[in-house]
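Hi there,

Here is the structure I promised to pass on. Have a look at it first, and then read on for what turned up.

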Amino acid sequence: MRSKISLFATNLKIWGSCSGFAAFSFHVPVSISPNLIEKKPVTMKEPRQDLLWLADHCPEFKVSSRNIKVLQEPSEFFQTLKELSRTSQRRITLASLYIGTGPLEKELVSSISEGLEQSRGKLQVKILLDHTRGSRGKENSRTLLLPLLKNYPSQIEVSLYHTPKLRGFIKWLLPERWNETIGLSHLKVYLFDDTLILSGANLSDQYFYNRQDRYIMFQNCKELCDYFDNVVSAISSMSFLLKPNNTEILHPGWSIHPSEGDYTDFISRARQSLQCLIQPKQHFITSTSEEISDSASEGDTFVYPLLQMYTFGIRQDEQAVEKFLRLAEPDSKIKLASGYFNLTNHYMNIILKSSKALYSLLVASPKVNGFYGASGVAGGIPSAYTHIAKSFFAKVLSYRQQDRIKLCEYERPDWTFHVKGLWYYKPNESLPTVTFIGSPNFGYRSVYKDLEAQVAIVTTNKDLQQQLHDEQQRFYDRTVVIQKELFERSDRKVPSWVKLVTFFFRYFF
């Protein structure tokens with residue numbers, strides 16, 4: 001077993017081996033240096049022991065299930081965002097790929113403005129967006145947020161992350177939209193005082209009314225909120241700072257330009273900025289006085305934040321997911337969803353060859369793909385994902401795994417599908433004990449190109465387990481199990497040019 005994690009040495013050298021996972025058993029107890037643990041009384045029994053190995057590789061937050069709520073629909077997500085924006089007292093921290101420019105997005109920005117006005121200077125707002133996606137077009141995320149910057153210059157900060165990989169000839173060559181294939185900040189973190197919403201949804205109108213996603217809200221979880229606030233701040237510190245006149249500068253204290261500065265220096269410093277935040281550490285989140293009386297829910301749930309920032313050598317999520325899939329108990333059930341189904345070879349091989357779990361993989365039908373009906377090359381994207389799903393299904397058949405691995409297709413008229421994550425059911429149990437939720441799609445972009453974050457939630461609380469079960473059931477109730485005949489239908493015929501493009505560019509989406 002790997003040796004205990006060292007603290008900062010006297011020379012402040014940052015430990016950087018977090019990317020290496022050892023081959024632990026599910027039942028090996030965790031070894032964490034006592035100095036890393038914030039010691040507080042533990043009054044209740046521990047949740048299931050199966051995933052305690054996660055605490056060796058990422059922070060661990062012990063929370064009460066009473067503070068966790070699964071939001072169901074985009075409209076509930078939207079209304080919650082607006083209400084929290086209006087009522088937050090100390091901080092709002094938002095990280096999203098972009099903010100749209102339609103009426104609903106303007107409502108959200110108005111709610112933030114209302115919160116800033118009511119706070120009388122006390123509320124601080126941090127917004128992190130991707131530079132390329134947030135700058136696309138003449139009217140974009142930047143122009144939407146300029147009034148806030150002008151009206152509340154001392155209370156709001158807007159940061160634009162620019163991947164260091166987009167530089168030189170590639171940056172000059174690639175136009176808008178295409179330059180986004182090189183790498184993005186894909187984080188989805190919505191934080192209000194000590195309330196956190198983790199989701200796969202962006203801050204755009206379709207995500208507020210007819211694009212299905214997932215949303216889990218953590219309330220009264222200061223330490224967990226502090227963690228994600230620090231992660232967003234670290235990414236913001238290496239990004240551009242948007243000015244009220246729509247120009248941009250590097251953040252104060254950061255001197256390496258992402259596309260013009262030294263690439264190696266940028267990567268090294270970025271990794272150091274993040275590494276000190278993500279070391280394994282246990283946090284026992286105390287409950288409010290109102291909750292102490294119900295001791296049955298105290299500390300019955302663990303939350304493990306997992307970052308995936310391959311560019312910076314941070315691979316917590318990738319390695320945790322791989323290990324989780326590989327070591328899942330025989331005859332357990334894993335329900336895995338991806339809005340853009342494009343599993344990496346590692347994930348695919350584990351599911352097909354190594355894992356003993358029963359799988360139900362949830363994918364989008366062409367009509368609920370976000371690119372369905374788009375003009376130009378983008379219009380071929382649903383067919384590309386159909387081709388990828390067909391290729392995977394063919395492998396399932398060739399390995400004779402069709403009884404263990406099912407592919408399910410989501411369909412909902414006039415809706416699009418953006419759900420991602422997984423639910424884990426132990427053998428012979430009807431409720432899940434684990435869910436993963438966040439921004440990754442389990443595909444090549446998520447693993448190798450973009451900045452991603454999700455959490456693993458491990459719980460023994462029946463009420464929370466029921467919430468999670470009902471959540472996945474709502475999705476799977478709208479699916480059909482894919483049979484071989486589906487791919488033989490005329491409306492599923494994949495154009496030859498799409499097959500060719502998919503062969504060469506599969507690793508870009």
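A nonpolar patch sits on the surface, formed by Trp-178, Val-377, Trp-497, Leu-500, Val-501, Phe-503, Phe-504 and Phe-505. Together these residues have about 870 Å² of accessible area. Please keep in mind that this is a predicted model. Within the patch, take Phe-505 as an example: this residue belongs to helix 15. Is Phe-505 buried, exposed or partly exposed? Its relative accessible area is 40%, so Phe-505 counts as partly exposed, as that term covers the range between 20% and 50%.

Helix 15 comes up again in the largest pocket, which has a volume of about 1,400 Å³. The pocket is lined by 44 residues, and the closest to its centre are Arg-136, Glu-180, Phe-371, Ile-381 and Arg-445. Four elements give two or more residues to this lining: helix 6 (206-209), helix 12 (381-398), helix 13 (444-449) and helix 15 (496-505). Which of them gives the most? That is helix 15, with five residues. If you sort the lining of the largest pocket by class, you get 23 nonpolar, twelve polar and nine charged residues.

Now to the enclosed spaces. Searching the whole structure gives five cavities of 30 Å³ or more, and the largest cavity holds about 120 Å³ of space. Its lining is made of 15 residues, with Val-363, Ala-364, Tyr-385, Thr-386 and Ala-389 nearest the centre. Strand 16 (358-364) and helix 12 each supply at least two residues of that lining. Helix 12 has the largest share, at four residues, and this helix is also on the list of elements that line the largest pocket. By class, the lining of the largest cavity comes to nine nonpolar, four polar and two charged residues.

One last spot to look up in the viewer is Glu-117, in helix 2 (residues 103-118). Glu-117 is exposed, because its relative accessible area is 53% and the term applies over 50%. How far is Glu-117 from Asn-151 in space? The two are 9.6 Å apart, C-alpha to C-alpha, with a separation of 34 residues in sequence.

Happy to go through any of this with you.

Best wishes

Key
Residues numbered from 1 in each chain as written. Predicted model: local features only at pLDDT ≥ 70, side-chain atom pairs only at ≥ 80, totals over all residues. Heavy atoms only, no water. 1 Å grid on protein atoms, 1.4 Å probe; cavity = no way out; pocket = protein on both sides within 12 Å on 5 of 7 lines; lining within 4 Å. Points joined across faces, edges and corners; volume = space filled by probe spheres on them. Nonpolar A, V, L, I, M, F, W, Y, C, P; charged D, E, K, R; others polar. Patch = residues over 30% accessible without salt bridge, like charges linked within 9 Å, V, L, I, M, F, W, Y side chains within 5 Å. Areas by Shrake-Rupley, 256 points an atom, 1.4 Å probe, with all protein chains shown as cover. Salt bridge = Lys/Arg side-chain N within 4 Å of Asp/Glu carboxyl O. Buried < 20%, exposed > 50% of the residue type's maximum accessible area, 1.4 Å probe, protein only.
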